[in-house]
Amino acid sequence: MIDRELPDHLHPDTLAVRAGVARSQYGENSEALYLTSCFVQPDAESSARRFASEEEGYTYSRTSNPSVTGFERRLAALEGAEAAIGTASGMSAILLMAMGLLKAGDHVICSQSMFGSTIKLLGSEFGKFGVETDFVSQTDVAQWRAAVRPTTRLLFAETPTNPLTEVCDIRALAAIAHDAGALLAVDNCFATPVLQRPLELGADLVIHSGTKYLDGQGRVMAGAICGSQKLVDGVFAPLIRSAGMVLSPFNAWVVQKGMETLSVRVRAQSANALEIAQWLERHPAVERVFYPGLPSHPQHALAMAQQDGVGGAVISFSVKADHPEQARRRAFHVIDSTRVCSIATNLGDVKSIICHPASTSHGRLSEAQRLAAGVVQGLIRLAVGLEHVPDILADLSRGLDTLA
């Protein structure tokens with residue numbers, strides 16, 4: 001069967017539903033799932049050319065698979081990238097990026113407010129191999145500029161950050177990176193391409209944990225790097241073929257189907273989050289709310305400019321307390337009092353998820369690292385889902401209204 005070619009300049013919402021691989025000879029309307037580890041070759045000569053990358057064709061699913069290709073093409077279309085490469089998880093995408101771009105003696109500048117595992121990977125694990133990383137303020141452009149060295153190869157930020165939703169100026173960081181002959185990578189997990197397309201703002205690479213909003217229902221692990229065809233084909237694809245942090249066909253298919261509803265989910269969850277954040281800001285037991293959609297957020301204006309006027313669906317808030325031990329106890333009480341929200345560490349699910357970052361996502365960091373990232377004991381992160389908002393407010397009230 002011959003597919004009709006999609007026209008140019010389609011809206012991202014259309015690409016989220018239509019972009020991918022061509023239909024098979026059976027003409028399926030829903031994308032086919034190719035659960036196979038290897039592919040039969042027409043003859044030995046064709047097999048040799050395909051394994052040597054001299055001829056297009058699938059050989060082995062650690063190298064490529066039609067279901068993974070469909071996911072990659074759809075995500076690249078949404079991000080406005082030339083290409084994308086799928087990985088086993090979001091952290092494996094960061095590992096692939098770092099392994100592909102860095103060597104001993106290279107220098108990385110990274111936001112100190114990054115996800116805890118990213119800080120551990122770059123600051124500790126890659127330090128073993130001679131890669132140096134400086135962690136700077138997410139929001140202070142001058143600190144990024146001052147940290148540049150002759151050996152700087154990569155600037156890496158996530159925006160908004162996990163969990164404090166700090167927003168960086170992507171255009172400004174891109175200018176610093178390019179002036180230094182380095183690349184800028186942006187983790188776009190929180191905003192997704194629905195709200196923010198970092199490549200259009202000057203970034204060179206976009207990192208995704210497909211486990212989060214791209215899937216949207218907490219079913220599978222997935223990750224990806226989006227960027228130029230040159231980097232994907234010339235740097236990352238050969239490395240993933242050797243290193244094996246490959247995305248499974250089943251997970252790729254699940255996330256590709258999840259992307260079909262990405263826009264409606266993210267916008268609906270963001271609308272819910274704004275209403276909840278406004279309510280939290282008025283609650284007497286809450287010390288501070290961190291949400292880019294609120295005018296009280298330090299980078300509210302920048303967030304609205306970069307994120308299509310939408311704050312996203314993740315809120316963090318701290319409870320009032322006199323000392324860290326009391327703050328931790330009160331945060332645990334609020335979390336444990338919920339009956340609707342899931343106590344878990346994922347986000348991006350249609351089910352609202354609540355967690356205590358200091359003991360979960362940032363639990364492996366030192367106290368100094370946690371405090372530098374603003375992750376205090378009284379901080380609670382709420383990834384807002386699609387439940388009825390009054391039910392979530394009642395769920396939070398159970399704990400906030402009974403703090404001792």
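Two strands are taken to pair if DSSP finds at least two bridges between them. The model examined here is predicted.

One open sheet holds seven strands, in the order 1-7-6-5-4-2-3, and its pairing is mixed. Strand 1 (83-87) and strand 3 (132-136) form the edges, each pairing on one side only. Neighbouring strands of this sheet are turned by 20° against each other on average, direction ignored. Strands of a sheet pair through backbone hydrogen bonds, in either a parallel or an antiparallel sense. Strand 6 (residues 205-209) and strand 7 (residues 223-227) are antiparallel, paired over four bridges. Here His208 stands opposite Ala224 of strand 7.

Helices pack against this sheet. Helix 9 (residues 229-243) touches strand 1, strand 5, strand 6 and strand 7. The direction of helix 9 makes about 20° with that of strand 1. Helix 7 (residues 170-179) lies across strand 4 (152-158) and strand 5 (183-187). Helix 7 runs at about 150° to strand 5.

A further open sheet has five strands, ordered 8-9-12-11-10, again with mixed pairing. Its edge strands are strand 8 (286-290) and strand 10 (342-343), and each pairs on one side only. Strand 9 (residues 314-319) runs antiparallel to strand 12 (residues 379-383), and five bridges join them. Val314 has Ala383 in strand 12 as its bridge partner.

Helix 11 (residues 262-282) packs on this five-stranded sheet, in contact with strand 8, strand 9 and strand 12. The direction of helix 11 makes about 10° with that of strand 9. Helix 13 (residues 324-336) touches strand 9, strand 10, strand 11 (353-355) and strand 12. The angle between the directions of helix 13 and strand 9 is about 130°.

Terms used:
Residues are numbered from 1 along each chain as its sequence is written. This is a predicted model: local features need pLDDT of at least 70, side-chain atom pairs count only at pLDDT 80 or more; totals for chains, interfaces and linings use all residues. Side-chain values use heavy atoms; hydrogens and water are left out. Helices (H or I, at least four residues) and strands (E, at least two) are DSSP runs, numbered from the N terminus. Axes are lines fitted to C-alpha atoms, for helices over the stretch in contact, and angles run from 0 to 180 degrees between N-to-C directions. Contact means heavy atoms within 4.5 Å.
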